[in-house]
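Hello,

Here is the structure I promised to pass on to you. Please open it beside this email and follow along as you read.

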Amino acid sequence: MSDNQAVMNDFDFHGKALDTIFDDYVEMLDSKPVGYSNKYGGFWYIAKSDDIFDAEQDPETWSVGPSMLLPSFGTDMPLIPIDIDPPTHAGFRKILLPMFTPMAVAKLEPGMHETAQSLADDVMNSTEEAVDVSALFARPMPTIIFSRLAGYPEEDWVLFDRWVDEIIYDRTTHPERAHAAGDELIAYMDKLINQRRNDPASYDDITNQLLTAKTDGRELTHEELLSYGYLLFLAGLDTTAWAIRAALWYLARNKDAQQKLRENPKLIPNATEEFLRTLSPVQAMARTALKDTVVRGQEIKQGERAVLVFGAGNRDPEVYEAPNDIDIERENNRHLAFGGGIHRCLGSNLGRKEVVISLEHFLATVPDFELAEDAPWHGVGPLKIKINKEH
């Protein structure tokens, strides 16, 4: 077995494996775009962009059950709506679609601008020589914006980072810790839902929308409310924080790009799409074959697990010129950061807007900056920068 085959047989897309995952993608896309990994009970990986888009558009062949998440997010319950197949899926997804349209997200923009500016001021006012912009900026931005949208009380926000860390980032190394935190989050959602049932008229937010919604002519069960709320919490707080932190990580290491965006903020939306393509918070999602199928000559049997490697598809040389370069002016950038098909990310408009506004205010407020110490490109861990305040 060659070293490359050994790497592919042990392919992983979590934790330390992300440090060198872009090298794995080059090998996959060059020599083995469909292969088998022994991790997490074994799964087929699918790396080419077209194959991933095809699978996303084919729910008759590919199920999202038992979960898109591999391994699970600290719970064994299917998460609504991402772990639900058609036709049931459509009714659940339709409930919250009106709250994430571009028009609905536009109404949130004043609050986003105010929050981003306040957090950027906190960064500038820090007296630390090395300022952790993950803790001061990238993480609190989506926590504040999404918590207000979802109706999470401000006094509870201090709890949230630990739950995200333990459920999402500890699940591969300490699954018992992830499940314990998952139990805490379920208990929190249970309490929040029960409180809202007693006073539904006083709120206009996502939690209230779920409580009053109907699918197939009926209200959601309590278990369905818990599942929906659980997923929204984790998706709303983690992925956008990762995207903002990853963008700042790149800009801290690339001062020419940093200055170009500072001088021409109209480029920030394009740059945001490029950061999402190349440094995406979601590198892969799982499926299960509903029937025997073949992908690029490789047979995959009914019931076998497969992972759609969005991160590899986003660097497919058949789709992107210089796919591993980060070009902040790249145009026609159709990527897989939000997935595709019927399961495309419900909150993509919100997440995208949060990143753009965050970068606008950060770059307008914080002058020339660089990394104070090495830090991985991925995750939501510390990102310490030095700011040249005399620049």
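Below is what I found, going from the whole chain down to single residues.

Please keep in mind that this is a predicted model.

**The whole chain**

Let's start with the overall picture. The chain is built from 16 helices and 12 strands. Its radius of gyration is 21 Å, close to the 21 Å that the globule rule gives for 391 residues, so the chain is as compact as a globular protein of that length. If you lay the C-alpha trace along its principal axes, the spans are about 60 × 60 × 40 Å.

How much of the chain is buried? Of the 391 residues, 56% are buried. As for contacts with a separation of 6 or more, 72% of them link residues that are 24 or more positions apart. The accessible surface adds up to about 17300 Å², and carbon and sulfur atoms provide 48% of that. There are 38 positive and 64 negative charges, and the mean positions of the two sets lie 2 Å apart.

**A helix to look at: H3**

Next, please find helix H3, which covers residues 49-56. Six of its eight residues are buried, so the helix is largely enclosed by the rest of the structure. Which residues of H3 are buried? They are Ser49, Asp51, Ile52, Phe53, Ala55 and Glu56. You can also look at what these buried residues pack against: the strands are S2 (43-46), S3 (62-63), S7 (285-289), S8 (293-295) and S10 (305-308), and helix H15 (310-313) is there too.

**A buried arginine**

Now go to arginine 277, in helix H14 (residues 268-278). Is this arginine buried or exposed? Its relative accessibility is 1%, and buried means under 20%, so arginine 277 counts as buried.

What does the side chain of arginine 277 make a polar contact with? One partner is the side chain of glutamate 274, at 2.9 Å. The arginine 277 side chain also reaches the backbone oxygen of aspartate 325, at 3.1 Å. If you leave aside neighbours within four places in sequence, the residues in contact with arginine 277 are Asn314, Arg315, Tyr320, Ala322, Pro323, Asp325, Arg330, Asn333 and His335.

**Backbone details**

Two cis peptide bonds are worth finding on your screen. One joins leucine 70 and proline 71, with omega at about -5 degrees. Another joins proline 86 and proline 87, where omega is about 0 degrees. Proline 71 sits in the loop between S3 and helix H4 (88-96), and proline 87 lies in the loop between S3 and H4 as well.

Then there are two residues to check for their phi angle. Aspartate 216 is not a glycine, yet its phi is positive, at about 55 degrees. You will find aspartate 216 in the loop between strand S5 (214-215) and strand S6 (218-219). With a relative accessible area of 73%, aspartate 216 is exposed.

Arginine 296 is not a glycine either, and its phi is positive at about 50 degrees. This arginine is in the loop between S8 and strand S9 (298-300). How exposed is arginine 296? Its relative accessible area is 46%, which makes arginine 296 partly exposed.

Enjoy exploring the model!

Best wishes

Methods. Residues numbered from 1 in each chain as written. Predicted model: local features only at pLDDT ≥ 70, side-chain atom pairs only at ≥ 80, totals over all residues. Heavy atoms only, no water. Helix = DSSP H or I, 4+ residues; strand = E, 2+ residues; numbered from the N terminus. Buried < 20%, exposed > 50% of the residue type's maximum accessible area, 1.4 Å probe, protein only. Polar contact = N/O pair within 3.5 Å; in protein donor to acceptor, adjacent residues only side chain to side chain. Contact = heavy atoms within 4.5 Å. Rg over C-alpha atoms; globule rule 2.2 N^0.38 Å. Areas by Shrake-Rupley, 256 points an atom, 1.4 Å probe, with all protein chains shown as cover. Lys, Arg positive; Asp, Glu negative; His and termini not counted. Charge placed at Lys NZ, Arg CZ, Asp CG, Glu CD.
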